[in-house]
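Got your viewer open? Let's take a walk through this one together, a few selections at a time.

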Amino acid sequence: MKQIQDAYIVAAVRTPVAKRKGLFKNVRPDELLAHVLREVVAKAPGLDPTLIGDVIVGCAMPEAEQGMNVARIGVLLSGLPNCVPGITINRFCSSGLQAVSDAANQIRLGQAEVMIAAGTESMTVMNHMMGNKVTVSPDVFAHDENRAIAFGMGLTAEKVATQWQIGREAQDTFAVESHRRACAAIAAGQFSAEIAPYEIVEHLPDGHSGAVREVRRWANDDEGARGDVTLESLAKLRPVFHAKGSVTAGNASQMSDGAAAVLLVSEKILKQFNLVPLARFCSFAVAGVPPEIMGIGPIAAIPKALQQAGIGQQDLDWIELNEAFAAQALAVLKDITLDPAKVNPQGGAIALGHPLGATGAIRTATLVHGLQRTGGKYGMVSMCIGTGMGAAGVFERL
Amino acid sequence: MNFTIRKAAVLGAGVMGAQIAAHLANADVPVLLFDLAGPQGDGNRVVNKALAGLKKLQPAPVVKRDRLQYIDAANYDEHLEQLRDCDLIIEAIAERMDWKNALYTKIGPFLSSTAIIASNTSGLSIAALADGLPEALRGNFCGIHFFNPPRTMPLVEIVPTPSSDAAMLDRLETWLTTRLGKGVIRALDTPNFVANRIGVFSLLATMRHAETFGLAPDTVDALTGPKIGRPKSATYRTGDVVGLDTLAHVVTTLHASLPNDPWHVLFSLPGWLRGLIERGALGQKSRGGVFRKQGKAIQVFDPTSGDYRDSRNEVALEVTAILGMHDPVGRLWALRTSSHPQAQFLWAIFRDLFHYCAVQLGEVAESARDLDLALRWGFGWAQGPFELWQAAGWHETAEAIAADIAEGRTLSSTPLPGWVTAPERSGVHAAQGSWSARQNTHVPRSKLPVYRRQIFPELLLGEIGARPESAGETLFENEGLRFWRLPAVDRGIGIVSFKTKMHALGGSVIEGMQAALAQAEAELDGLVIWHDAPFAVGADLKELMTAVDDREWAKIAAYIERFQQTTMAIKYAQVPVVAAVQGLALGGGCEFAMHAARRVMALESQLGLVEVGVGLIPAGGGCKELALRCARWAAESGTATEQLARLTPAFMAVATGKMAKNAVEAIDLGFAERSDPIRFHPRELLFAALKQARALADIGYAPAQPVRGVPVLGRAGIAAMEMTLVNMREGGMISAHDYRVSRAVAEALCGGEVEAGTLVDEHWLLAVERRVFLELLQTPETQARIRHLLDTGKALRN
């Protein structure tokens, strides 16, 4: 089969990203998903929801509250007609971007005319980063070449820092800048087009009256960005993953809760329902790298995605490069010489948070709205992936 | 009438008040912690801030974080009504008579008529405070002086007023002793009471003599610390710990309230110390006082140069030799007659301390015993002044002091009181009791029933009383232990007491234990393992290394198996075995305790399976017991994934050689069970253990059947644990040998390289322990660790 038509993004929304056990500590990931599904469909008034061919949802730890094929649960909770199906997919940190690509491809192949790509992740509901039951194959330890499968992500960042010679101060400086940009963007309202504020409803005991109290409040902005982060304050943090390392809690991405959804349609649907596209999906690529330096994944994925899109690196106006760790982000910047000014102009995961499987969809929303606001043409979302992969997707603003 | 304190209130959330509240919470006493009201809507702000501060304090005031939630924050504006339910109110606000009186007036209407009201003042007159109370409350009022930190310092001085109700005082003393585990003395209402009066005098006299002899603070602290049976904080560092400003305040109080004390001129701090206070160098709380940390180096303020320099340890070899002498008579004589200034200095500080205590005994304490115990319990001295004097030869020392007085060498020319030099006197502690200068006779120990729980109370040097090593009736004795009983308490319960150094477990202890168990099963109703702290520091490594050097692997294998048979014999004895644990219970000691039917633990017990420090794993059934417990907990929780979640903390504890910091944590780590009683007073342990064994026996004790059909985590569990190890190894946190040892721990805890969920029995788990233990023992790295520990007493990281 070959591509018969283009896929266009007509809406992209996300929740604010909350800190782990923060604003959304009592909000389930399936509820967050249902919220963004409702909101994204509402952005295309008049579009017949029964036309939605599938809802593809990225989730990196699809178990417990976000298990049971959370995509289908989210669809049903959202009030979409029950003829709309749902599938949960997982490629760890790129799950949300993978969902966008998979959804676009359904349209490009002519298998669907309307698709939703989404991502949802609550790291609050996970006991461990690695899921509720950590269990790896004994074979990992039986062969030296497999041991890196067991490496914690922070340890891989240390290895990247060593190999690409990214020092502690450079990492901390990068982290401070991430917070600065994020705070500035939030203050300027630059996320307002993409964020669908979430009303948190919590049921708490009232010790005085003995009744259950319903507390309602709105989550409007990302929770992780801090205005008070300085080089001095970050310098006080101790390395976590290596006795003599440079990776700290302050120059690594934050653990977070959040969700996003992207509505994609064919050209036929654009015309039929008189919809205005935000962007055209151009390309997507993934690539494998050694697991012990998983952070450099984008170095392998970005050239592939650009080549498929038929553009050069210089054509990119905006790059959302997920900041899993300052060390790996800086290694990527250095290795393929990306322009730091164009990378994460509104801050990255160190400040804004990284709800694993949702991040790809969230940053797609940031990218397409950012390009709209600034008038840029081509943009890219890219990230590294645990166990050694990279992903990159290219979009063109319309 | 039964007396209990259902609820307590502490007024004043300062350093002492908050910590006292914390210790009440440790003892499961619901407590209200009061302070001034904060702004509208945030009334408990002051107390909440204090409670937050407790979390950061070291040593920790609470045995477990969750205890803090049992302290209710309160303020004087909103919550006085709640005082009505309180049976004990401890006032610990700032040392101002007018403030305290105003507070008493304010709370008066809200107090129950039976509530005990006690002030934790350290400087004000209790009688004067009582005068500010409504008449009706005075009978229930007294002083209650805790020492910092109140969780671990044993001393509480109860200070009665003339109107204090005698029965109330007895009830309070009883409760403080058995519930909070305190060492109580009845103090007289004199300035700074007993411990601070003598202890601070000693500090000041030491500082004065330091000036005279030209000794710098670091030298003084090196001389006046553990070398003479006092805490490491010695003299100046004690000032840094309590705060130099606080010390200055106490000294000012002494100066103002004791105008007629013959040593009155001494009650001031040296000028250079006052200078440090003015500069804000107040000690630990301001990150620098007499001592300060500069990077890794410790610096000391040198009064001669007026600046800090690196701290040194300049104790002369000949003085060290004198202080190492075992005979107290010869030791003090040698100090006195040596011409070395450091020795002369030490003689001078002992002499003036003895002199002061002798002159003031009648004024400050009911008896010499109270004075000595106050210094032991409140200042951490190994011996009080009078017992030291008595041990050094009463008469000779008295004559030497008198001679120095006559020659004008002492800090005061006041002559020794007549009772000191009476010809028939050989000391102050005698068979009929300890000397009371006030009553001009010897007075016996308190007859309060609570002290019957202390079968062997803490005895002073020279004090006559029952000592465990010779008490009771010996059933048999070998090199490693004595098996005996106390017919006066319970002739049906045998007591095993280890005799080895640090109560290490060697062959004679193992064989003795087997024999004791056999005899108990044949003739007795139960068995208690008890001796003073430590409970046991583990297997006898010297014995083990001798066998290693001779390459007697078969003999070692047999020894390990015999050790396991012994812990299994403890577990499956036909009579209940109760381990009375206090202090360290490490390695094999911890395993002995884990296999007992019950543990009766002193709160301050440190249990741990720390074998990894010497490159080994627990192989006396410790890993097996943890595996069994975690499997049981998982089964009780009803979820299969729980077993790994339970076993992971146990793995981390064993793999890192983590020691439980107290009995409560020991339960959390799986070294003890929730049903095990915890006693706050270590001297009550034997009594409690005997009663526990008796109760188990009387209700028809029978051991459970050996456990079968236990699911183990096997290969999957080992892999999950190895994942952590890989990251620690790659992260440069552990060595290759650490990795190997820790993986062996995982293997023993997971039942070996079998499939997850495999059902095994105890013997299988023991066999895995033995195998990996022997594999490790044959590695050069493990042998190097053991040798290093034996040679240096320190752990080797290789």
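**Stop one: a strand covered on both faces**

Select β5(A) and look at its two faces: A:Val114, A:Ile116, A:Ala118, A:Thr120 and A:Ser122 lie on one side, A:Met115, A:Ala117, A:Gly119 and A:Glu121 lie on the other, and all of them are buried. Keep in mind as you go that this is a predicted model. The pattern you just saw has a simple background: in a regular strand the side chains alternate between the two faces of the sheet. Strand β5 of chain A covers residues 114-122, and 9 of its 9 residues are buried, so the rest of the structure largely encloses it.

Now add the strands that pair with β5(A). Which way does strand β3 (residues 52-58) of chain A run beside β5(A), parallel or antiparallel? The two pair in the parallel sense, over 6 bridges. To see one bridge, pick A:Val57 and find its partner in β5(A), A:Ala118.

Next, select strand β8 (residues 256-265) of chain A, which pairs with β5(A) in the antiparallel sense over 9 bridges. Try A:Val114 here: its bridge partner in β8(A) is A:Val265.

**Stop two: a mostly covered helix**

Select helix α10 of chain A, residues 326-335, where 7 of the 10 residues are buried. Colour the buried ones: A:Ala326, A:Ala327, A:Gln328, A:Ala329, A:Leu330, A:Ala331 and A:Val332. What covers them? Show α5 (153-163), α6 (168-187) and α9 (297-309) of chain A, which are among the covering elements. Then add β10 (316-321), α11 (349-352) and β11 (378-385) of chain A, which also take part in the covering. Before you leave, click A:Thr337, just after α10(A): this residue takes a positive phi of about 40°.

**Stop three: two crossing helices in chain B**

Hop over to chain B and select helix α22 (residues 622-637) and helix α28 (residues 762-777), whose axes come within 8 Å and cross at roughly 135°. That angle makes α22(B) oblique to α28(B). The crossing is right-handed.

Where do they meet? On α22(B), show B:Cys623, B:Lys624 and B:Ala627; on α28(B), show B:Glu762, B:Leu765, B:Leu766 and B:Glu769. Sorted by class, this contact has 4 nonpolar, no polar and 3 charged residues.

**Last stop: where the chains touch**

Finally, show both chains. How many residues does each chain bring to the contact? Chain A gives 19 and chain B gives 15. On the side of chain A that touches chain B, you'll find 10 nonpolar, 6 polar and 3 charged residues.

Note on methods: Residues are numbered from 1 along each chain as its sequence is written. Chains are lettered from A and ligands numbered from 1 in the order in which they are written. This is a predicted model: local features need pLDDT of at least 70, side-chain atom pairs count only at pLDDT 80 or more; totals for chains, interfaces and linings use all residues. A residue is buried if 20 or more other C-beta atoms lie within 10 Å of its own, exposed if 12 or fewer, and partly exposed in between; C-beta atoms are placed from the backbone. Helices (H or I, at least four residues) and strands (E, at least two) are DSSP runs, numbered from the N terminus. Two residues are in contact if their C-beta atoms, placed from the backbone, lie within 7 Å. Ala, Val, Leu, Ile, Met, Phe, Trp, Tyr, Cys and Pro count as nonpolar, Asp, Glu, Lys and Arg as charged, and the others, Gly among them, as polar. Two strands pair if DSSP finds at least two bridges between them. Axes are lines fitted to C-alpha atoms, for helices over the stretch in contact, and angles run from 0 to 180 degrees between N-to-C directions. Angles under 35 degrees count as roughly parallel, over 145 as roughly antiparallel, 65 to 115 as roughly perpendicular and the rest as oblique. A crossing is left-handed if the near helix is turned anticlockwise from the far one by less than a right angle, and right-handed if clockwise.
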